[in-house]
Amino acid sequence: MNIIVKPYGSDLCYCRPDTTWERENKDLYSPECVNEWHWTPILFARISKAGKCISQKFASRYYDGLNFGALLYIGGIQTAYASCADHTSVLPMPLYNPVVVESEGNGIEILKNGEQIFCSATGSLQAIEDAICKASELTSLRIGDFVAIELAPASLLAERKEGSLDFKATFCENEIFSFRIIF
């Protein structure tokens, strides 16, 4: 299982290992070598049909559900290492029907210590389908893979000197993830 990511403002994609997937709201205990965490909100889809070089015309046939989540990056590092730490791809379950994601009033809200740090009124099926097409140019998509698009540039989330924090999100007024980052 791969997590294929289309970074914000880029047409290139990269893969995160499956060990980065966090789906159980477990607290993230920051290793001693990590002094800060950066993050970006995402919209992601689960691939339900294998494919390669998928055409835009058929992209909607290759996924069966979507949700919002977050990607965490080790701060201060400009290599792939920054995106490979265990439990840093927050891809919550259950997934939602694609129609729900584009419906007005079904917004995502992400909070850090109770304060809103991101919100969006709806997601874009067109954007996720574009990412599926782009990702499948170089990578064979398999059933169970995830394709994610970053919805904003990566920004600082937590620093060791500030201590632990609560990180949570709601979609359609349902909590989709909630955990602590503990230094």
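**Notebook: sheet, cores and salt bridges**

I began with strand β8 and found that 5 bridges join it to strand β9, residues 115-120, the two strands running antiparallel. I am working on a predicted model, and I keep that in mind for every entry below.

Following this pair residue by residue, I noted that Ile-108 has Ser-120 as its bridge partner in β9. Between the two strands of this hairpin there are 2 residues, and I recorded that Asn-113 takes a positive phi near 50° in the hairpin.

I then asked which strand β12 contributes as the bridge partner of what residue in β8, and found Lys-168 of β12 paired with Leu-111. The strands β8 and β12 are joined by 5 bridges and run antiparallel.

Stepping back to the sheet, I read the strand order as β4-β13-β12-β8-β9, which makes an open sheet of 5 strands with mixed pairing. Which strands stand at the edges? They are β4 (28-29) and β9, and because each has a single partner strand, one side of each is left without a neighbour in the sheet. At the β4 edge I looked up the pairing with β13, where 2 bridges join the strands and the direction is parallel; here Tyr-29 stands opposite Ile-182 of β13.

Next I turned to the nonpolar packing. The largest nonpolar core holds 45 residues, and I listed Trp-37, Leu-72, Phe-167 and Phe-177 as those with the most contacts inside it. Among the elements that each supply at least two residues of this core are β5 (36-47), β6 (63-74), β8 (108-112), α2 (125-138), β12 (165-171) and β13 (174-182). Apart from this core lies another, of 11 residues, which includes Val-5, Ile-42, Phe-44 and Leu-95.

I took Phe-177 for a closer look and, leaving out residues up to four places away in sequence, found that it touches Asn-25, Gly-69, Ala-70, Val-90, Pro-92, Ile-110, Phe-167, Lys-168 and Ala-169. Lys-168 thus appears in this list of contacts as well as in the bridge to Leu-111.

For helix α2 I wrote down the buried residues, which are Leu-125, Ile-128, Glu-129, Ala-131, Ile-132, Cys-133, Ala-135 and Ser-136. What covers these buried residues includes β1 (3-6), β5, β6, α1 (98-102) and β10.

My last entries concern charge pairs. I find 7 salt bridges in the structure, and I examined three of them.

In the first, the side chains of Glu-24 and Lys-26 meet with an N to O distance of 3.2 Å; Lys-26 is partly exposed, at a relative accessible area of 46%.

The second lies within α2, where Glu-137 and Lys-134 are 3 residues apart, about one turn of the helix, and their side chains meet in a salt bridge of 3.4 Å, N to O. Both partners are partly exposed, Glu-137 with a relative accessible area of 42% and Lys-134 with 28%.

In the third, Arg-142 forms a salt bridge with Asp-145, the closest N and O atoms lying 3.8 Å apart. Is Asp-145 buried or exposed? At 0% relative accessibility Asp-145 counts as buried, because the cut-off for that class is under 20%, whereas Arg-142 is partly exposed at 41%.

Methods. Residues numbered from 1 in each chain as written. Predicted model: local features only at pLDDT ≥ 70, side-chain atom pairs only at ≥ 80, totals over all residues. Heavy atoms only, no water. Core = buried A, V, L, I, M, F, W, Y, C linked by side-chain atoms within 4.5 Å. Buried < 20%, exposed > 50% of the residue type's maximum accessible area, 1.4 Å probe, protein only. Helix = DSSP H or I, 4+ residues; strand = E, 2+ residues; numbered from the N terminus. Contact = heavy atoms within 4.5 Å. Pairing = 2+ DSSP bridges. Salt bridge = Lys/Arg side-chain N within 4 Å of Asp/Glu carboxyl O.
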